[in-house]
Amino acid sequence: MVRLLCLLAGLAGCATVAPPDAGELGDIEAGRKVLVLLRVAASIGGEPYEPFAHRLVDDNIGIAVGDFETGGRPQRLESVRFLSAESRARGWTYLFAPPGTIYLAFLPPRRTDVFTYLDLFGAAPLWRVDLPAGSRFVYAGTLAVEGTAGSLLFEGDYLETITHMEVRDESDEARDLLQRHVPGAVPVKT
């Protein structure tokens, strides 16, 4: 039933607000997976904008991940994960990946058919993140996104285009956030 709901919500994104479960923590301890924490800090015209506020069509920022298995080609995350509702509102999200190199791509929300949108991730700028063997928790950085506003009748303004992106370091806040929501989340590598 949950899969069906996620499938139906797939066009609008399926999100999970919860820290990792025991099985996921077991994969981390065994070295099969790394928890990758990142933050998206979005703004429109210099004003803060919540990157993962749920909209009628999509989240405000789409995320895709590529790795060895995908040949580096980014594939859209089917489910975006958050440690808490507060961390979601502040733009913090996390994912799991095997040790190695991953590539992240970010796009504004989908305003076209699903297949065209998925193809756009292949042309988006890629951000390389190395996940060293033996690492358990990695903070990948904060992506500061500046964009322009579009407007929809029932939704108001949304992030229509991304005009500038840069990576910032908020390691201390990332470490505090992980330690608050994931017992034993040390060390955190940046």
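Which residues does Arg 136 touch, not counting residues up to four places away in sequence? The first view takes up this residue. The model shown in every view is predicted.

**View 1. Arg 136 and its surroundings.** Arg 136 sits in the loop between strand 9 and strand 10. Residues up to four places away in sequence aside, Arg 136 touches Ile 28, Glu 29, Val 34, Leu 35, Gly 184 and Val 186. With Glu 29 there is a side-chain to side-chain polar contact of 2.2 Å. With Gly 184 the partner is the backbone: the Arg 136 side chain reaches the Gly 184 oxygen at 2.9 Å.

**View 2. The two ends of helix 2.** Helix 2 spans residues 22-29. At its start, a side-chain oxygen of Asp 21 comes to within 3.0 Å of the backbone nitrogen of Gly 23. After helix 2 comes Gly 31, with a positive phi near 85 degrees. The side chains of Asp 27 and Arg 32 form a salt bridge, 2.7 Å from N to O. Asp 27 is partly exposed, at 24% relative accessible area.

**View 3. The open four-stranded sheet.** Four strands form an open sheet in the order 5-4-8-9, and the pairing is antiparallel. Strand 5 (75-76) and strand 9 (127-131) are the edge strands. Each has a single partner strand, so one side of each lacks a neighbour in the sheet. Helix 4 (residues 114-121) packs on the sheet. Helix 4 touches strand 4 (62-66), strand 5 and strand 8. The directions of helix 4 and strand 8 make an angle of about 130 degrees.

**View 4. Strand 8 and its two pairings.** Strand 8 covers residues 100-107. Strand 8 pairs with strand 9 in the antiparallel sense, over five bridges. Leu 104 has Trp 127 of strand 9 as its bridge partner. Ile 102 has Val 129, also in strand 9, as its bridge partner. Strand 4 pairs with strand 8 as well, antiparallel and over five bridges. Here Ile 63 is matched with Phe 106 of strand 8 as bridge partner.

**View 5. Ser 79 in strand 6.** Ser 79 belongs to strand 6. Is Ser 79 buried or partly exposed? Its relative accessibility is 27%, so Ser 79 counts as partly exposed. Ile 63 lies 16 residues from Ser 79 along the chain. The C-alpha atoms of Ser 79 and Ile 63 are 9.7 Å apart.

**View 6. The largest nonpolar core.** This core has 25 residues. Those with the most contacts inside it are Ile 61, Leu 95, Ile 102, Leu 104, Phe 106, Leu 131 and Val 145. At least two core residues come from each of strand 2 (34-44), strand 4, strand 6 (79-82), strand 7 (92-97), strand 8, strand 9, strand 10 (137-152) and strand 11 (156-168). Strand 2 contributes the most, with six residues. A separate core of 14 residues lies apart from this one. Among its members are Ile 28, Leu 37, Phe 137 and Ala 185.

**View 7. Contacts of Leu 131.** Leu 131 is among the residues with the most contacts inside the largest nonpolar core. Its contacts, leaving out residues up to four places away in sequence, are Val 34, Val 36, Ala 97, Pro 98, Pro 99, Gly 100, Ile 102 and Val 138.

**View 8. Two further salt bridges.** The structure contains nine salt bridges; two of them are shown here. Arg 128 and Asp 130 form one, with closest N and O atoms 3.1 Å apart. Arg 128 is exposed, at 55% relative accessible area. Asp 130 is partly exposed, at 42%. Arg 175 and Asp 172 form another, with closest N and O atoms 2.9 Å apart. Why are Arg 175 and Asp 172 separated by about one helical turn? Because these residues stand three apart in helix 5 (residues 171-181). Arg 175 is partly exposed, with a relative accessible area of 28%. Asp 172 is exposed, at 55%.

Definitions and conventions: Residues numbered from 1 in each chain as written. Predicted model: local features only at pLDDT ≥ 70, side-chain atom pairs only at ≥ 80, totals over all residues. Heavy atoms only, no water. Pairing = 2+ DSSP bridges. Contact = heavy atoms within 4.5 Å. Axes fitted to C-alpha atoms, helices over the stretch in contact; angles between N-to-C directions. Polar contact = N/O pair within 3.5 Å; in protein donor to acceptor, adjacent residues only side chain to side chain. Salt bridge = Lys/Arg side-chain N within 4 Å of Asp/Glu carboxyl O. Buried < 20%, exposed > 50% of the residue type's maximum accessible area, 1.4 Å probe, protein only. Core = buried A, V, L, I, M, F, W, Y, C linked by side-chain atoms within 4.5 Å.
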